[in-house]
Every structure is written in structure tokens, then in C-alpha cells.
Amino acid sequence: MEIAVVADEQGVGRSAADVLEEALRHGCRRLGLATGSSPLATYAELVRRHREGLSFAEVDAYLLDEYVGLAPGHPESYARVIRRELTDAIDIDPARVHGPDGTARDPREAAAAYESLLGAVGGVDVQLLGIGTNGHIGFNEPGSSLGSRTRVKTLTLQTRLDNARFFASLGKVPVHVITQGLATISSAGHLLLVASGAHKAAAVAAALEGPVTASCPASVLQLHPHVTVVLDEAAARLLTRLDDYRQALLAKPRGWGW
Ligand code: GLP
């Protein structure tokens with residue numbers, strides 16, 4: 001695991017975009033996308049680089065998760081959010097942006113179908129991740145099995161409160177979601193976690209330096225052989241080995257890449 005700490009959220013976006021651009025230039029064709037606030041600076045930077053020539057024309061994108069029960073086309077459905085924040089502004093074919101179908105009559109079937117799709121393509125090359133204040137990734141809430149696959153989950157009150165800012169009221173935040181499981185996420189070739197802000201510091205410290213436990217779903221990253229974490233100073237402030245992480249990056253020979 002490599003941990004890069006930069007000054008602020010914009011710096012997180014630039015560094016994460018560096019990781020993704022390098023992956024694209026080295027043949028990444030299946031990109032795992034996250035929603036929420038965390039990746040927005042990264043997406044803004046990717047859009048800027050696209051205007052300067054970075055192409056996504058050969059890429060298939062796969063979403064991590066989706067709300068269940070929002071009307072088709074609801075502005076806060078993750079299918080719409082990713083279009084608004086990224087894919088409408090780059091040269092990716094909209095038919096190549098995939099996600100779980102939160103409008104399906106039986107969301108359990110939709111979850112199984114999405115897991116099958118991911119399995120059939122062999123998983124994604126790089127998966128971008130944010131982290132919830134309770135340590136969730138995707139929508140794998142605390143207690144999620146480290147071996148879990150794509151399925152329907154019930155959101156905790158904490159996550160619904162955290163996400164209520166995107167909806168008219170707490171009551172409008174869906175209770176159920178479809179999310180890639182922790183094992184599904186771990187099937188990616190490379191995991192890229194981004195976090196900014198002091199409100200993420202406790203979750204980041206638990207995930208990166210605490211025990212591997214279903215009580216902190218993001219701690220599953222410790223089991224993955226290729227993880228890059230990009231944090232701003234505020235999100236990194238509770239890490240105990242910050243100096244080691246900085247030294248490791250400073251000592252890294254140029255050209256070794258991410
Ligand atoms: C959301 C999403 C996650 C996201 C996390 C953090 O609910 N399902 O993919 O990483 O919670 O959200 P944010 O980035 O808005 O803080």
C-alpha cells in the first residue's frame with residue numbers, strides 16, 4: 001500500500017488523476033468509478049485533462065453502487081450523478097458506462113446480474129474509492145462480510161444522514177442500495193482510495209492502521225496487493241506512521257509509477 005499525502009482536496013484530485021492517467025496510458029480499459037463527494041476533484045481534473053487530449057474512448061466504466069427505488073432518471077441516482085460529474089464531459093461511449101439497476105423490480109436479481117457482468121469481464125483494472133465516515137466503501141456498511149459480493153444492503157442511519165445533503169430531506173434518502181461487495185471490490189487489479197477533510201480522519205486511520213475487520217469495511221484494503229491512497233493533510237492527521245509514508249514516496253525511484 002502506498003499512501004500519498006497532499007495539501008488539499010484539489011491536490012488529491014490531481015494526484016488521483018495522475019494514477020488514473022498512468023493506468024490508462026498503460027492499457028487500463030476497465031475503470032471502476034465511485035460517486036459521492038470524494039472523487040469530484042479527481043473527476044474535474046480528468047475532465048480538464050480530457051480537454052487537453054486524454055481519451056477514454058476505449059474504456060468501459062463500472063459503478064460501485066446504486067440506490068434502490070429512485071425513479072429512473074432521478075438526479076441523485078448514481079447513474080445520473082456519474083454522467084453529470086464525469087462521463088458526459090469525456091469521450092466515453094454512454095453505452096459503456098455500467099452500473100447496478102436500482103430501478104429493477106427485484107433488486108436482488110439486479111445485484112446478481114451486475115456481479116455476473118463484473119465476473120464475465122474479469123473485474124476492473126483500477127477501482128476508484130471514497131470512504132464513508134463509518135469506514136464504508138461502496139455501500140458496504142460496518143459488519144459487511146469481507147467475502148461479500150454484489151448484493152442489496154440496508155443503509156445505516158449514519159450513512160443516510162451523511163447523504164441527506166443530496167436529497168430534500170432525510171426521509172427521501174433511500175433505505176436500500178445495491179453495492180459491489182468487499183470481495184468484488186477486491187477483485188480489481190488496483191485500488192485507489194481518495195479522502196479529504198478532517199471528518200474522514202478517524203475512518204482513514206481505522207482503515208489503514210487498525211485491524212482488518214468487518215467493523216471497518218475499508219480495512220479490507222490491507223489485504224490487497226496493489227493499493228494507492230491519496231489523502232489531504234486533514235484526512236491524514238490521525239495516521240501514526242505519516243513520516244514513514246512520506247519517506248517511502250520520497251525514496252521511490254522516478255519511473256516506478258503507481
Ligand atoms: C457514499 C458512497 C461511497 C462514497 C462514500 C463517501 O455513500 N456510496 O461510494 O465513497 O459514501 O461519500 P462522500 O465521498 O460523499 O463523503
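In this predicted model, strands β2 and β6 run parallel and are joined by two bridges. At this junction Leu 31 has Val 126 as its bridge partner in β6. On the side of β3, Leu 31 stands opposite Ala 61, and β2 (residues 30–33) and β3 (residues 60–63) pair in the parallel sense over four bridges.

Strand β6 (residues 126–129) also runs parallel to strand β9 (residues 190–195), and four bridges join the two; here the bridge partner of Leu 128 is Leu 192 in β9. Within β6, Val 126 and Leu 128 point one way while Gln 127 and Leu 129 point the other way, and all of these residues are buried. This fits a general pattern, for in a regular strand the side chains alternate between the two faces of the sheet.

These pairings belong to an open sheet of seven strands, whose order is β1-β10-β9-β6-β2-β3-β5 and whose pairing is parallel. The edges are formed by β1 (2–6) and β5 (97–98), each of which pairs on one side only. Helix α4 (residues 107–121) packs on the sheet, where it touches β2, β3 and β5, and its direction makes about 145° with that of β3.

**The ligand**

Around the ligand there are 15 residues, of which Ser 37, Ser 38, Asp 65, His 136 and Lys 200 come nearest. The table lists three distances, each between an oxygen atom of the ligand and an N or O atom of the residue.

| Residue | Part of the residue | Distance to a ligand oxygen atom |
|---|---|---|
| Ser 37 | backbone N or O atom | 2.7 Å |
| Ser 38 | side-chain N or O atom | 2.4 Å |
| Lys 200 | side-chain N or O atom | 2.6 Å |

Of the 380 Å² of accessible area that the ligand has on its own, the protein covers 96%.

**A buried arginine**

Arg 49 has its place in helix α2 (residues 40–51). Is Arg 49 buried or exposed? Arg 49 counts as buried because its relative accessible area is 10%, and the cut-off for a buried residue is under 20%. When its neighbours within four places in sequence are left aside, Arg 49 is in contact with Arg 14, Ala 17, Asp 18, Glu 21 and Leu 54. Two of these residues also appear in the polar surroundings of Arg 49: its side chain reaches the backbone oxygen of Arg 14 at 3.3 Å, and a polar contact of 2.9 Å joins the side chains of Arg 49 and Glu 21.

Note on methods
Residues numbered from 1 in each chain as written. Predicted model: local features only at pLDDT ≥ 70, side-chain atom pairs only at ≥ 80, totals over all residues. Heavy atoms only, no water. Pairing = 2+ DSSP bridges. Contact = heavy atoms within 4.5 Å. Axes fitted to C-alpha atoms, helices over the stretch in contact; angles between N-to-C directions. Near = heavy atom within 4 Å. Polar contact = N/O pair within 3.5 Å; in protein donor to acceptor, adjacent residues only side chain to side chain. Areas by Shrake-Rupley, 256 points an atom, 1.4 Å probe, with all protein chains shown as cover. Buried < 20%, exposed > 50% of the residue type's maximum accessible area, 1.4 Å probe, protein only.
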